[in-house]
Amino acid sequence: MREDFRAIYDNPAGTRRAVISRGRKNAKTTESAMLLLLHLAGPEARPNSQMFSAAQSREQAAVLFELAAKMVRMSETLSQFVGIRDTAKQLYCQELGTLYRALSAEASTAFGLSPVLTIHDELGQVRGPRSPLYEALETATAAQEAPLSIIISTQAPTDEDLLSVLIDDARGGHDPRTVLRLATADEDADPFHADTIRQANPAFDVFMNREEVLSMAEDARRMPSREAEFRNLVLNQRIESHSPYVARAVWNANAGQPAAEIGDAPVYVGLDLSAVSDLTALVEVVPLGDEWHVYPTFWLPESGLVERSRKDRVPYDVWAKKGHLTLTPGATVDYDYVADHMAELHRRRNVQAVAFDRWNMRFLRPYLEKTLPEDELAKWSGFGQGFQSMSPALRSLDGLMLKESLRHGGHPVLAMCAANSVVKADPAGNRKLVKVGPNKRIDGMIALAMAVAIAETHEPVERRASVYEERGVMVL
């Protein structure tokens, strides 16, 4: 903690934001309370200033307030200067005019405030890259000369979560006013060894119950279902507690950039139409030698985009601006856009086969019949979404990823779909992909699995040159 304080307050550039992350039960909330009192009535106090702590739940907000209040009550000196309002979760110093209040995730209560100090407690609980409460408090500091934000939390599970975005930005060293204090276990180390646990837990040899922590490690060793939780909460690693279909390390190992030009190479397509108001995914797969190049396309309705981003906790609007996502006018995905894109794809590339989810295909087919010639439409075939069809598809996809043969370019929407995908097995051991939650999209991974499956079972057909290419244009 002393090192944290030195890093924050002895920074030559001055500190605007500090991110402190370590495993659970390392007294992070205690440290938050100390920082709070330092600015409320200590040497960092500024007369008539406001301080806030932000938590994702009322219970967590109450924990920090109650701990700070307990410190005040136990200190003869502090109790002379700091008043406590238990029902409002407030501390105040009348002599300095300073005020602290604990806030939970009702973002509307954060507007109109002007904090000089904000402590974001357990920000790792935020799923996705956005939090209305975090944004409301961080945009409320413009009137302050030198505001300070301190984030104290165990790591979030995925790279796309808000805390992970902030940690990665701090790691980049873009702003000298950002301090990063990260204690995390090496991913390649034995996760159950005391030395590995010690890396993420500075208090392991100080006040933590070593026996209890090592017992947790043994439980995780014996029961694989508990390993992800142990790695995330104790080793402070970014690990999904639901064990996604593809591990993050494996997915990243296949993130090479696909070829910019593929010439006349055979192209295989997977299309998942989903509902017209949700994400529609098309994935092209192009085998070139030992590498399989992946080209995803995604559509989403433009209407209600901000609300959908907030509901799904993913930055659809940002992805759309960066060209990773195509928006269609209105509240639904107009299948005209999909049909026109497919017609252009058939004209531009050597499409060998298209695998599609039969659900909703009856709505797209009339558009395709107007835009595609019969010989191209004959390349389309329905692909079942049950265990019988998807299990061999996943087996093929497994093999490619384990050999690091895919080149998906780290496409963010496809990466989101991969992180949201978990495997469901039937009694015979057959598998299919399902969502980890109701608002989690996996359409891109379904389309990728279908494209890979049809590519492995389809015999490439040599593309016949156009009659106009063979003889030229005749002029009468």
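This is a guided tour of a predicted model, moving from its sheet to the helices, the salt bridges and one further helix.

**The sheet**

Begin by selecting the eight strands that form an open sheet, which run in the order β3-β4-β5-β2-β6-β7-β1-β8 with mixed pairing. At the edges stand β3 (82-85) and β8, each with a single partner strand, so one side of each is left without a neighbour in the sheet. As you turn the view along the sheet, the twist from one strand to the next averages 15 degrees.

**Strand β1 and its two partners**

Next select β1, residues 17-21, where five of the five residues are buried, so that this strand is largely enclosed by the rest of the structure. If you show the side chains, Arg17, Val19 and Ser21 point one way from β1, while Ala18 and Ile20 point the other way, and all are buried.

Add β7 (residues 148-152), which pairs with β1 in the parallel sense over four bridges, and then β8 (residues 178-182), which pairs with β1 in the parallel sense over five bridges. Ile20 is a useful residue to centre on here, since the bridge partner of Ile20 in β7 is Ile152, and the bridge partner of Ile20 in β8 is Arg181. Keep Ile152 displayed and bring in β6, which pairs with β7 in the parallel sense over five bridges; Ile152 in β7 is also the bridge partner of Asp121.

**Helices on the sheet**

With the sheet still in view, select α2, which packs on the sheet and touches β1, β2 (50-54), β3, β4 (90-93), β5 (98-103), β6 and β7, its direction making about 175 degrees with that of β6. Then select helix α3, residues 58-74, which lies across β2, β3, β4, β5 and β6 and runs at about 140 degrees to β3.

**The loop before β1**

Move now to Arg16, in the loop between α1 (2-9) and β1. Is Arg16 buried or exposed? With a relative accessible area of 15%, Arg16 is buried, because buried means under 20%. The side chain of Arg16 makes a polar contact with the side chain of Glu138, at 3.4 Å. Leaving aside neighbours within four places in sequence, the residues in contact with Arg16 are Glu138, Thr141, Pro147, Leu148, Ser149 and Arg177.

**Salt bridges**

Arg177 leads on to the salt bridges, for the side chains of Arg177 and Asp175 meet in one, at 3.3 Å from N to O. Both ends of this pair are partly exposed, Arg177 at 38% relative accessibility and Asp175 with a relative accessible area of 26%.

Which residue forms a salt bridge with Lys28? The partner is Glu122, and the closest N and O atoms are 3.7 Å apart. Lys28 lies in helix α2 (residues 28-40) and Glu122 in the loop between β6 (115-121) and α5 (132-138), so the pair ties together parts that are 94 residues apart in sequence. Here both residues count as buried, Lys28 at 5% relative accessibility and Glu122 at 14%.

For a pair within one helix, select Asp195 and Arg198, which form a salt bridge with the closest N and O atoms 2.7 Å apart. Being three residues apart in helix α7 (residues 194-200), Asp195 and Arg198 are separated by about one helical turn. Asp195 counts as partly exposed at 47% relative accessibility, and Arg198 likewise counts as partly exposed, at 29%. Elsewhere, salt bridges that share partners join Asp159, Asp168, Arg171, Glu187, Arg238 and Arg248 into one network. A search of the whole structure finds 29 salt bridges.

**Helix α16**

Finish by selecting α16, residues 387-402, a helix of 16 residues that reaches 21 Å from its first C-alpha to its last, close to the 22 Å expected at 1.5 Å a residue. The buried residues of α16 are Met390, Ser391, Ala393, Leu394, Ser396, Leu397, Leu400 and Met401. To see what covers these buried residues, display the surrounding elements, including α10 (248-253), β11 (291-301), β14 (380-383), β15 (406-407), β17 (431-435) and α18 (443-457). The last stop is Glu404, which follows α16 and has a positive phi, near 55 degrees.

Technical notes. Residues numbered from 1 in each chain as written. Predicted model: local features only at pLDDT ≥ 70, side-chain atom pairs only at ≥ 80, totals over all residues. Heavy atoms only, no water. Helix = DSSP H or I, 4+ residues; strand = E, 2+ residues; numbered from the N terminus. Expected span 1.5 Å × (residues − 1). Buried < 20%, exposed > 50% of the residue type's maximum accessible area, 1.4 Å probe, protein only. Contact = heavy atoms within 4.5 Å. Pairing = 2+ DSSP bridges. Salt bridge = Lys/Arg side-chain N within 4 Å of Asp/Glu carboxyl O. Axes fitted to C-alpha atoms, helices over the stretch in contact; angles between N-to-C directions. Polar contact = N/O pair within 3.5 Å; in protein donor to acceptor, adjacent residues only side chain to side chain.
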